[in-house]
Amino acid sequence: VALAFGAPIGGVLFSLEEASYFFPHKVMWRSFFAAVVAALTLQKMDPYGTGRIVLFQVQYKHMWKWFELLLFVLLGVLSGALGGLFVKFNLQWCRFRKQSVLSRFPVMEVAAMALITAAVQFWNPFLQKGMTKALSEMFQGCLSKANSNDPICTPSSGVVVQLLIAASVKLVLTVFTFGLRVPAGIFIPSLFTGAALGRVVGILTQ
């Protein structure tokens with residue numbers, strides 16, 4: 001977490017909140033030191049070739065307006081509601097998985113979900129690119145883009161519909177894929193859904 005978001009303190013606080021019920025001060029300081037060293041090492045290695053620690057970094061080219069605070073609140077409320085629905089449906093699906101025949105065929109479940117994911121995401125241009133590339137594009141300001149013909153920077157009703165579909169599909173698929181017998185996370189799908197919804201609000205505001 002500390003390296004993914006370039007936040008050593010955030011990584012330590014996350015481990016304190018989620019990963020441990022007993023966290024002595026001595027261990028906390030050691031964890032913070034390890035997170036700082038890891039972040040400095042990553043910055044020195046520069047694996048992305050951009051001089052930045054994190055892969056997704058937002059660069060602000062202009063100041064926000066006061067009326068946009070209402071939109072920020074709206075996005076926060078919408079994201080919180082979607083997060084609550086996600087947790088509810090994911091828990092229900094995990095209970096169903098344990099009680100159904102799926103628990104006896106985990107490999108078949110993974111293969112079926114991979115096939116469904118590929119078939120559903122193929123038709124959406126923002127899901128075709130993969131989450132990493134799509135996120136890096138959605139996190140960039142259009143003024144800094146070299147290609148002005150990028151669909152994300154040409155506001156239209158079609159782009160809004162495609163972004164809404166991409167966010168909905170990713171959210172629904174994550175409900176079923178989170179908890180599979182494969183190493184998978186929830187950070188990137190959550191970031192993708194939030195970035196798509198944020199772009200929709202930005203385009204509509206513009």
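Of the contacts in the protein between residues at least 6 apart in sequence, 71% join residues at least 24 apart, a contact being heavy atoms within 4.5 Å. The model is a predicted one, in which local features need pLDDT of at least 70 and side-chain atom pairs count only at pLDDT 80 or more, while totals for chains, interfaces and linings use all residues. Residues are numbered from 1 along each chain as its sequence is written, and side-chain values use heavy atoms, with hydrogens and water left out.

The overall layout is quickly told: eight helices and zero strands, giving the pattern α-α-α-α-α-α-α-α along the sequence. Helices here are DSSP runs of H or I with at least four residues, strands are runs of E with at least two, and both are numbered from the N terminus. The C-alpha trace spans about 50 × 45 × 35 Å along its principal axes. Of the 206 residues, 26% are buried, where buried means under 20% relative accessible area, exposed means over 50%, and partly exposed is what falls in between (1.4 Å probe, protein chains only).

Helix α7 gets a good deal of the attention here. Its 21 residues, 157–177, reach 30 Å from first C-alpha to last, close to the 30 Å expected at 1.5 Å a residue; that expected span is 1.5 Å times one less than the number of residues. Among the buried residues of α7 are Val159, Leu163, Lys170 and Thr174. The buried set packs against α3 (68–99), α4 (106–121), α5 (125–128), α6 (131–138) and α8 (187–205). After α7 comes Gly179, with a positive phi near 115°.

How do α3 and α7 meet? Their axes come within 8 Å and cross at roughly 35°, using lines fitted to C-alpha atoms over the stretch in contact, with angles from 0 to 180 degrees between N-to-C directions. The crossing is right-handed, meaning that the near helix is turned clockwise from the far one by less than a right angle (anticlockwise would be left-handed). On the α3 side the contact is made by Leu82, Phe86, Phe89, Asn90, Trp93 and Arg97, and on the α7 side by Leu171, Thr174, Val175 and Phe176. By class, that comes to seven nonpolar, two polar and one charged residues; Ala, Val, Leu, Ile, Met, Phe, Trp, Tyr, Cys and Pro count as nonpolar, Asp, Glu, Lys and Arg as charged, and the others, Gly among them, as polar.

On to the rings. The whole structure holds six aromatic pairs, where rings of Phe, Tyr and Trp (its six-membered ring) pair if their centres lie within 6.5 Å, with planes under 30 degrees apart counted as stacked, over 60 as edge-to-face and the rest as tilted. Trp93 and Phe176 make an edge-to-face pair, 4.8 Å centre to centre with 80° between the planes. Because Trp93 sits in α3 and Phe176 in α7, this pair ties together parts that are 83 residues apart in sequence. Phe176 is partly exposed, at 28% relative accessible area. Trp93 and Phe176 also join Phe96 in one aromatic cluster. Another edge-to-face pair links Phe122 and Trp123, at 5.2 Å and 85°, and Trp123 is exposed, with 70% relative accessibility.

Trp93 turns up again around Glu109, a residue of α4. Glu109 is buried at 7% relative accessible area and, leaving aside residues up to four places away in sequence, touches Trp93, Arg97, Leu102 and Leu180.
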